[in-house]
Every structure is written in structure tokens, then in C-alpha cells.
Amino acid sequence: MDLIALQGMHAHAGVSSVAAALAWSISRSPDSGGRSVFIDGAPSSWGATAIFGIPASFSSWISAGNDLKGLLSRAALYDDAVAVFPARPGDPAPDEVLARSLMAELNDLAALSRFTAVADAGVRGSPAAKAFAAMADIVFTVTEADAAGETELSSLVPENNEYFLINRLDTRSPASRDSAARLRKHPVLGPRILDAEIPLDEFVREAARKPEPYTRYLDYSEASCQTERILIDIRLIRSRAGDSGDRAGKEPA
């Protein structure tokens, strides 16, 4: 099983919607065997529950504690392709022990059925993000093309398996476009920034305003339109890691 972890440079960077769109697209990719798993590792009011429209009857994987075996068979299934492990608002952020327990169960399940897991790991540097990043094949850190994003990344030293994704690019703003261009010229981070850029996604605001599940818009949202390019980037990253004999610094689960 492959694990892709997404984290934000700060809260509300749009990680959840990007992770959901990526899990949905992966489930449609022949590379994944037609299935993916979405792990909500950042409990919030607009997490997996709201994004996928998961009914309240589905248990939070975090509140299940270390008793996760039964939860695997009760994972919410979105569109018959994405198995969702939701968290609930008010849940504590998962710690390393709990994250590793879930990944161990998923690895056992992967022996029977091929899939890729996508984790919404919250804010970079948080306990949950550190735990999932240490186990991930690839980590995508979501940032924004603005002055704050440039400042956050200016002195950052990336991890071996870490790459960067520009989200909420305002294509109508010269300042936003210039900021993205400067980020790509960064001597250290530039080569690690994905070719894909996700413009401001009005469907995220629309879904939150109504409210209704964001996944209803995945056929034409800005995030899902760019995930095909992200999948190409993933294949290139894996190819380079294979050529160098490196599994992107992944720790054993």
C-alpha cells in the first residue's frame, strides 16, 4: 500500500479539499486498482464528514482508539471507490501511536486488495503531520501563492519525501502569479514544487455556504481538474525514486 500525506503550511490552507479531490482521482486511476482510502487526520468542522457527506452514524477512527480492526469493515464508502475514515469535530488530533496503528491495519488490508491511502494530516509540524509524513511514500505540503506563503517557505528545509503544491492561485491577480513564479525560482524548493497549480476553487465556498458535500462538485471543481496533473507528478516522483533506489525516505509502518 502506498501512503500520500498532505499537510498545510498553516491552518485553512485548503488541504482537506485537495486531499479529497486527490483520493477521488486516484480511485479512478488504473495505478490504484480502482480503490483509494481517505484518512481524516485533522479533526475540524469542515473535514471528511462535511466534504464527503458522511452520515453521523459512521464512527470516528480517532475515537475508536486502538481498537481499529472492526472499524475497517465499517469505513464509509464514497462512490463505491473511496473508503473514508472520518474524524469528528472535537476529536483530539491523532498521535503517532494511533496513526501507526491505523496504518498497520491498512497494510494488512492491502495484502488482500490493492489501494492507495491519502491522509489529510493537518498543519506541517503537528504531531499528526509528523506521524503520517514519517510513514508516507510522498508528502505534499500545501502552500499559497502570496506574500505569507513566500515568507513561510523562505527558510524551510524540506524532508526527503516532501514536495510542495501551490493552492488557491488567483489567476486574475498579477501579485499572485508573480508570487508563484518566485516560489518556483527558489533554489532549494523550486525543483520540489509540483507542476500542477490549483486556482481559487469557488466550489469550495459554494459547498460550505449551502452547506452540502464538496464531493458533489468533484467532476468540475478546480482541485479535481488539476489532480490529473498531480497524478503525473506522482508517477514522475516515483520513477525518480526508483531510479535512485530510494523509497523517498519512508520509515517502515
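Arg-100 has 22% relative accessibility, so it counts as partly exposed. That's in a predicted model, and Arg-100 has a charged partner there: it makes a salt bridge with Glu-96, with 3.1 Å between the closest N and O atoms. The overall tally is seven salt bridges, and three of them are picked out here, followed by a helix and some ring contacts.

**Salt bridge inside a helix**

- Arg-100 and Glu-96 both belong to helix H4 (residues 96–110), and because they are four residues apart, about one helical turn separates them.
- As background, an α-helix has 3.6 residues a turn, so residues three or four places apart point the same way.
- Glu-96 is partly exposed too, with a relative accessible area of 43%.

**Salt bridges between elements**

- Glu-162 pairs up with Arg-124 in a salt bridge whose closest N and O atoms are 2.7 Å apart.
- Glu-162 sits in strand S7 (residues 162–169), while Arg-124 is in the loop between strand S5 (116–123) and helix H5 (127–135), so this pair ties together parts 38 residues apart in sequence.
- The two ends of that bridge have their own settings: Glu-162 is buried at 1% relative accessibility, whereas Arg-124 is partly exposed at 26%.
- Glu-197 and Arg-184 form another salt bridge, with the closest N and O atoms 3.0 Å apart.
- Here Glu-197 comes from strand S8 (residues 193–199) and Arg-184 from helix H7 (residues 174–184), so the link joins parts that are 13 residues apart in sequence.
- Both partners count as partly exposed: Glu-197 at 21% relative accessibility and Arg-184 at 27%.

**Helix H1**

- Helix H1 (residues 15–27) has 13 residues, which at 1.5 Å a residue should span 18 Å; its end C-alpha atoms are indeed 18 Å apart.
- H1 is mostly covered, with 13 of its 13 residues buried.

**Rings**

- Searching the whole structure turns up two aromatic pairs.
- One of them is Trp-61 with Phe-132, an edge-to-face pair with centres 6.4 Å apart and 70° between the planes.
- Trp-61 is in the loop between helix H2 (48–52) and helix H3 (69–72), and Phe-132 is in helix H5, so the rings tie together parts 71 residues apart in sequence.
- Trp-61 and Phe-132 are both buried.
- There's a charge-over-ring contact as well: the charged end of Arg-192 sits over the ring of Tyr-163, 5.1 Å from the ring's centre.

Terms used
Residues numbered from 1 in each chain as written. Predicted model: local features only at pLDDT ≥ 70, side-chain atom pairs only at ≥ 80, totals over all residues. Heavy atoms only, no water. Salt bridge = Lys/Arg side-chain N within 4 Å of Asp/Glu carboxyl O. Helix = DSSP H or I, 4+ residues; strand = E, 2+ residues; numbered from the N terminus. Buried < 20%, exposed > 50% of the residue type's maximum accessible area, 1.4 Å probe, protein only. Expected span 1.5 Å × (residues − 1). Phe/Tyr/Trp six-rings, centres within 6.5 Å; stacked < 30°, edge-to-face > 60°. Lys NZ or Arg CZ within 6 Å of the ring centre and 35° of its normal.
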